[in-house]
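Read the following with the sequence and the coordinates open side by side. The text goes from one region to the next and gives residue numbers where they help.

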Amino acid sequence: MLRLIFSLSALAAGLVSSSAFAAPSVDGAQSARPAERGALVLAQEGNIDIYYDARGNRVLVDADTGKVIAIQPPGSRLDRRALRRQMRMQELGRAPAEDDDRYYLDNPEDMARFRRRQLEENGRVIPPPVDEYDPNGDNSVDAYPPAPNNDDGYATTYPEAPNTIKRQPLNEASIDPEQPGQGEVLQTNPDASLPPNTGGKATIDPSLSLGVRQDVAALQVLLDRGGASPGVIDGRFGSNVDKALAAYNEINGTNLKSTDAVGIQAALAQSGGDAFASYTITPEDVAGHYVASIPEDYSQKARLDCMCYTSVTEALGERFHMDETYLKSINKGVDFNRPGTMIKVANFGKLVSTPVARIVADKTKKEVYAYDAGGKLVAAYPATIGSADTPSPTGIHAVSRIALDPNYTYNPNINFKQGQNDKILTVPPGPNGPVGSVWIALDKPTYGIHGTPEPSKIGKTESHGCVRLTNWDARELAKLVSPGVTVEFVGGPTIADVGGTSTDEFTQQ
C-alpha cells in the first residue's frame, strides 16, 4: 500500500514540473515571431494613439508609455486600414504572404495600385504618382521613417514658413466709361484735372502683345490731334512716330519729347482729354456693305461690285485711324458684329481745317508737308513716295482735280503688268481699291496723291510712282486743297535718273 502511494505522488510531481517548463517556451516562441518578421512591436497589448503634426505627418504613439512608435509622412499608403490588417495578422500568429496584396474597391489609392500592378504584369512599368513619393523610405506599404532617437517624444521644432509675397496692384491708365450715345464717340472733359505724377515713367499695358505700348498709342493720338499724323495708331514706336513728333513740335511751337510722359498727358488733357474713348457699335456699322475678301488678281477685282471693307473691324479701324489688329487687341473678347456693343477706340479729335496753299513731298523722309498761305506748317502725313524702279516726279507741279471714292483703270500698256492680265480693266471704287478712297490728280499725267488699302504699310513699302497716304489722311488733305495748289517733290531719285512713268493710272467713274 505504501509503495502504491509513493508511486502516485512521484507521477503527479513529474506532470507538474513538465507543464511548468513547457509554458515559457511557448510564450517565448510567440513573442519572438513579430521580431522575426520585422513587424511593429507594440507594448501593452498594442494600444496606440494616432496624432498629426504640423507637417501633416501621422505619428503613432504607445498609449501606455507615451513613446513614439513610428512616423508616417503625408502621401504614404500605409493607412489605418493597413495597420489594422497587420495587427490582425499578429494576433492570428501568422505573417502575410509576400503576394497577399489586398485591394479595396472603395479606396482610390488601392485601385490605382491595382491598375499599376496589372500594367506591370503586362510588361509596362508605370512609375508611382509624384504625390505618393516618400523621400524618407522606399515608398512601400511597410516603409516607415525612423522614429526620433530621443526619449522626450516627437520633436516639435520646424523651420519658419517662407515670407509671403503680396501682389501689388498695377497702376494702369484707364478710361472711366461714360454713358454712350448710340454710334457716337464720347468726348472727355477737356478741363479735367491732370493725371497723377508718374515720375516721367511710361505706363505699359500688359494685356497687349510684345512691342505694343499704351503710352505710345496715347502719344500717337496726341500727334494726330495736333495735325501731325503718325499713320495708323498701333502703339508702336517707329519712324512714322518720330517724323510726326518733329512735325507736331513745328506746328504747335513746342519741344515735346516722346519720353515726357507728364507732358504728353498734360497736352492730351488740354487738347481733348483721354487718348481713348468709348464707342457703341450701331446697326449700320454691322450691316455695312462688306465683301467676303479682296482677290489679288485684277481681273477678279474688276468683277466685284465694290472694293468695300471686308469686316466691321476693318471699317472701324479706318474710321478711328487705328490698326485693325491693335483695335482687336484692346477689345479682347468683344463681339464686333453685335449692335450695341461698347468698344474702346482712339479719341483722335478734330481734323485739320486750315486751307492748304502748298504741299511738299519729301521722298527721302517719306513725308508730306502741307503749308498755309502764310508758309506755316499746318499738317504732316507719313507717305510712300515712289520707288527706285518707278520713282515719283521731281520739281514743282500742281493739283489738277480731286475725286473721292474713284474707280481704278488698269492699263497694262501704261501700268505694270499684273499676272496674266493683258487687257484694260476697270476696278470698282472702294477703300480697298488700288488707290484707296481718294485720288488727288496732278498736272503731270498718271501721277497723283491717293489712299491705300493697306494703311499699316504706309512709309514702309514702295509705290508705283505716286504719293500714297492712308485713306483718312488722303481724305483730310483732299478737303484742304483745291486745283492749283502746288506740289513740290524734293529729295530721292527722279524719273530722269531711271526713265519711265508712273504706273498708278486713274479714271474717274
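What follows covers strands, packed helices, a disulfide and two loop residues in turn.

The structure is a predicted model. The account begins with a sheet of three strands, which is open, has the order β1-β2-β3 and is paired in the antiparallel sense. At its edges stand β1 (48-52) and β3 (68-72); each has a single partner strand, so one side of each lacks a neighbour in the sheet. On average, and with direction ignored, neighbouring strands of this sheet are turned by 20° against each other. Strands of a sheet pair through backbone hydrogen bonds, in either a parallel or an antiparallel arrangement. Between β2 (residues 58-62) and β3, the antiparallel pairing extends over four bridges. One pair can be located by residue: V59 has I71 in β3 as its bridge partner.

Further along the chain, strand β10 (residues 395-404) has antiparallel pairings with two strands that can be described here. Four bridges connect β10 to β16 (residues 486-490), and A398 is matched there with T486 of β16. With β13 (residues 438-442), β10 shares five bridges, again running antiparallel. In that pairing the bridge partner of A403 is W439 in β13.

The helices come next. Helix α6 covers residues 261-271, and its buried residues are A261, G263, I264, A266, A267, L268 and A269. An α-helix has 3.6 residues a turn, so residues three or four places apart point the same way. In α6, the buried residues pack against two helices, α4 (214-225) and α5 (239-252). After α6 comes G272, with a positive phi near 150°.

How are α4 and α6 placed relative to each other? Two packed helices are described by the angle between their axes and by the distance between the axes. For α4 and α6 the angle is about 45° and the axes are 10 Å apart. Angles under 35 degrees count as roughly parallel and those from 65 to 115 as roughly perpendicular, so α4 and α6 are oblique to each other. The crossing of α4 past α6 is left-handed. On the α4 side the contact involves A218, L219, L222 and R225, which meet I264, A267, L268 and S271 of α6.

How many disulfides does a search of the whole structure find? The search finds one. C306 and C308 form a disulfide, with 1.6 Å between their sulfur atoms. The dihedral about the S-S bond is -115°, and the link of C306 and C308 is left-handed. Both C306 and C308 are buried. Another cysteine, C466, has a relative accessible area of 1%; buried means under 20%, so C466 is buried.

Two loop residues remain, both described by their phi angle. Most residues other than glycine have a negative phi. H321 is not a glycine, yet its phi is positive, about 60°. H321 is found in the loop between α9 (312-319) and α10 (324-329). K366, also a residue other than glycine, has a positive phi near 55°, and lies in the loop between β6 (358-362) and β7 (367-371).

Are H321 and K366 buried or exposed? H321 has a relative accessible area of 5% and is therefore buried. K366, with a relative accessible area of 31%, is partly exposed.

How values were computed
Residues numbered from 1 in each chain as written. Predicted model: local features only at pLDDT ≥ 70, side-chain atom pairs only at ≥ 80, totals over all residues. Heavy atoms only, no water. Pairing = 2+ DSSP bridges. Axes fitted to C-alpha atoms, helices over the stretch in contact; angles between N-to-C directions. Disulfide = S-S within 2.5 Å. Buried < 20%, exposed > 50% of the residue type's maximum accessible area, 1.4 Å probe, protein only. Contact = heavy atoms within 4.5 Å. Parallel < 35°, antiparallel > 145°, perpendicular 65-115°, else oblique. Left-handed = near helix turned anticlockwise from the far one by under 90°.
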